[in-house]
Amino acid sequence: MAGEPQDDCLFCKIVAGQIPATIVRETETTLAFRDINPQAPTHILVIPKAHYPNAAELAAARPELAADVLHETQAVADDEKLDSYRTVFNTGSGAGQTVWHAHAHVLGGRGLEWPPG
(Lines give C-alpha, C1' and ligand atoms only; values in the text may rest on other atoms or scores of the structure.)
Protein backbone atom coordinates (compact mmCIF):
# COMPACT_ATOMS: atom_id res chain seq x y z
CA MET A 1 0.00 0.00 0.00
CA ALA A 2 1.30 3.47 -0.88
CA GLY A 3 2.81 5.30 2.05
CA GLU A 4 3.58 2.09 3.94
CA PRO A 5 7.08 0.56 4.19
CA GLN A 6 7.73 -2.17 1.63
CA ASP A 7 9.72 -5.26 2.66
CA ASP A 8 11.53 -5.43 -0.69
CA CYS A 9 12.43 -1.72 -0.95
CA LEU A 10 16.08 -0.72 -0.50
CA PHE A 11 15.21 2.81 0.61
CA CYS A 12 12.57 1.63 3.09
CA LYS A 13 15.28 -0.57 4.61
CA ILE A 14 17.61 2.45 4.85
CA VAL A 15 14.86 4.46 6.57
CA ALA A 16 14.34 1.56 9.02
CA GLY A 17 18.09 1.38 9.76
CA GLN A 18 18.36 -2.14 8.34
CA ILE A 19 20.85 -1.10 5.65
CA PRO A 20 23.61 1.42 6.38
CA ALA A 21 23.88 4.70 4.52
CA THR A 22 25.90 7.88 4.90
CA ILE A 23 23.11 10.12 6.16
CA VAL A 24 23.66 13.85 5.78
CA ARG A 25 20.25 15.21 6.86
CA GLU A 26 17.12 13.88 8.47
CA THR A 27 13.77 15.45 9.25
CA GLU A 28 10.56 13.98 10.57
CA THR A 29 9.43 13.23 7.00
CA THR A 30 12.62 12.95 4.90
CA LEU A 31 16.07 11.36 4.82
CA ALA A 32 19.08 12.51 2.79
CA PHE A 33 22.12 10.32 2.18
CA ARG A 34 25.09 10.04 -0.17
CA ASP A 35 24.60 8.02 -3.34
CA ILE A 36 26.76 4.88 -3.41
CA ASN A 37 27.44 5.42 -7.14
CA PRO A 38 28.01 9.19 -7.35
CA GLN A 39 27.73 10.89 -10.72
CA ALA A 40 29.18 14.18 -9.45
CA PRO A 41 31.44 15.26 -6.57
CA THR A 42 28.25 15.90 -4.59
CA HIS A 43 25.51 13.34 -5.22
CA ILE A 44 22.96 13.06 -2.45
CA LEU A 45 19.56 11.40 -2.51
CA VAL A 46 16.63 12.97 -0.68
CA ILE A 47 13.74 10.60 -0.02
CA PRO A 48 10.42 10.73 1.77
CA LYS A 49 10.36 8.33 4.69
CA ALA A 50 6.95 7.14 3.48
CA HIS A 51 7.04 4.80 0.49
CA TYR A 52 5.70 6.03 -2.84
CA PRO A 53 6.98 4.36 -6.01
CA ASN A 54 7.92 7.56 -7.84
CA ALA A 55 7.75 11.35 -7.73
CA ALA A 56 4.50 11.54 -9.70
CA GLU A 57 2.66 9.21 -7.29
CA LEU A 58 4.15 11.05 -4.31
CA ALA A 59 3.01 14.43 -5.62
CA ALA A 60 -0.49 13.16 -6.39
CA ALA A 61 -0.99 11.44 -3.04
CA ARG A 62 0.93 13.71 -0.67
CA PRO A 63 1.82 17.10 -2.19
CA GLU A 64 2.97 18.41 1.20
CA LEU A 65 5.44 15.53 1.47
CA ALA A 66 6.67 16.18 -2.08
CA ALA A 67 7.23 19.79 -0.97
CA ASP A 68 9.21 18.54 2.06
CA VAL A 69 11.49 16.55 -0.26
CA LEU A 70 12.03 19.55 -2.52
CA HIS A 71 12.66 21.82 0.48
CA GLU A 72 15.32 19.41 1.72
CA THR A 73 17.12 19.46 -1.64
CA GLN A 74 17.82 23.16 -1.02
CA ALA A 75 18.91 22.45 2.56
CA VAL A 76 21.32 19.78 1.29
CA ALA A 77 22.72 22.19 -1.31
CA ASP A 78 23.19 24.83 1.40
CA ASP A 79 24.90 22.35 3.75
CA GLU A 80 27.19 21.21 0.91
CA LYS A 81 27.93 24.87 0.01
CA LEU A 82 26.80 24.39 -3.57
CA ASP A 83 26.26 27.66 -5.38
CA SER A 84 24.72 25.76 -8.29
CA TYR A 85 23.31 22.27 -8.44
CA ARG A 86 20.80 20.07 -10.23
CA THR A 87 17.78 18.35 -8.72
CA VAL A 88 16.59 15.28 -10.66
CA PHE A 89 13.58 13.03 -10.18
CA ASN A 90 13.73 9.95 -12.43
CA THR A 91 10.27 8.49 -12.95
CA GLY A 92 10.11 5.14 -14.71
CA SER A 93 12.75 2.75 -15.98
CA GLY A 94 13.05 4.61 -19.30
CA ALA A 95 14.16 7.68 -17.34
CA GLY A 96 16.72 5.72 -15.32
CA GLN A 97 14.76 4.98 -12.15
CA THR A 98 16.20 1.84 -10.56
CA VAL A 99 14.81 2.04 -7.02
CA TRP A 100 11.03 2.18 -6.89
CA HIS A 101 10.82 4.61 -3.96
CA ALA A 102 10.45 8.30 -4.83
CA HIS A 103 13.72 10.19 -4.52
CA ALA A 104 15.45 13.35 -5.65
CA HIS A 105 19.08 13.40 -6.72
CA VAL A 106 21.04 16.51 -5.71
CA LEU A 107 24.06 16.79 -8.01
CA GLY A 108 26.75 19.45 -7.86
CA GLY A 109 30.40 20.26 -7.50
CA ARG A 110 31.16 20.17 -11.25
CA GLY A 111 29.75 21.58 -14.46
CA LEU A 112 26.61 19.76 -15.57
CA GLU A 113 25.93 19.60 -19.29
CA TRP A 114 22.58 20.25 -20.91
CA PRO A 115 20.75 18.36 -22.15
CA PRO A 116 21.56 15.55 -19.72
CA GLY A 117 21.99 11.95 -20.83
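## Starting at the hairpin

Let's start with one residue pair: Glu-26 has Leu-31 of strand 2 as its bridge partner. This is a predicted model, and that pair is a good way into its sheet. Strand 1 covers residues 23-26 and strand 2 covers residues 30-34; the two run antiparallel, with three bridges joining them. Three residues sit between these strands, and together the pair makes a hairpin.

## The whole sheet

How many strands form the sheet, and in what order? There are five, arranged 1-2-3-5-4 in an open sheet with antiparallel pairing. Strand 1 and strand 4 (85-88) are the edge strands: each has a single partner strand, so one side of each has no neighbour in the sheet. On average, neighbouring strands are turned by 20° against each other, ignoring direction.

Over at the strand 4 side, four bridges tie that strand to strand 5 (residues 104-108), again in an antiparallel arrangement. Here Val-88 is the residue standing opposite His-105 of strand 5.

## Helix 3 and the chain order

Now for what lies across those strands. Helix 3, residues 63-79, lies across strand 1, strand 2, strand 3 (42-48), strand 4 and strand 5, and runs at about 155° to strand 3.

In total the chain has three helices and five strands. Follow the sequence and you get α-β-β-β-α-α-β-β. The radius of gyration is 13 Å, close to the 13 Å from the globule rule for 117 residues, so the chain is as compact as a globular protein of that length.

## Two cysteines, no bond

Which cysteine sulfur is closest to that of Cys-9? That of Cys-12, but at 3.6 Å the gap is too far for a bond, because a disulfide needs the two sulfurs within 2.5 Å. Cys-12 is likewise in no disulfide, with the sulfur of Cys-9 as its nearest cysteine sulfur. Searching the whole structure turns up zero disulfides.

Are these two residues buried or exposed? Cys-9 is buried, at a relative accessible area of 5%, and Cys-12 also counts as buried, at 8% relative accessibility.

## Overall numbers

The C-alpha trace spans about 40 × 30 × 25 Å along its principal axes. Of the 117 residues in the chain, 37% are buried. The exposed area comes to about 6,700 Å², with carbon and sulfur atoms supplying 52% of it.

As for contacts, take those with a separation of 6 or more: 52% of them are between residues 24 or more positions apart.

Key
Residues numbered from 1 in each chain as written. Predicted model: local features only at pLDDT ≥ 70, side-chain atom pairs only at ≥ 80, totals over all residues. Heavy atoms only, no water. Buried < 20%, exposed > 50% of the residue type's maximum accessible area, 1.4 Å probe, protein only. Pairing = 2+ DSSP bridges. Axes fitted to C-alpha atoms, helices over the stretch in contact; angles between N-to-C directions. Contact = heavy atoms within 4.5 Å. Rg over C-alpha atoms; globule rule 2.2 N^0.38 Å. Areas by Shrake-Rupley, 256 points an atom, 1.4 Å probe, with all protein chains shown as cover.
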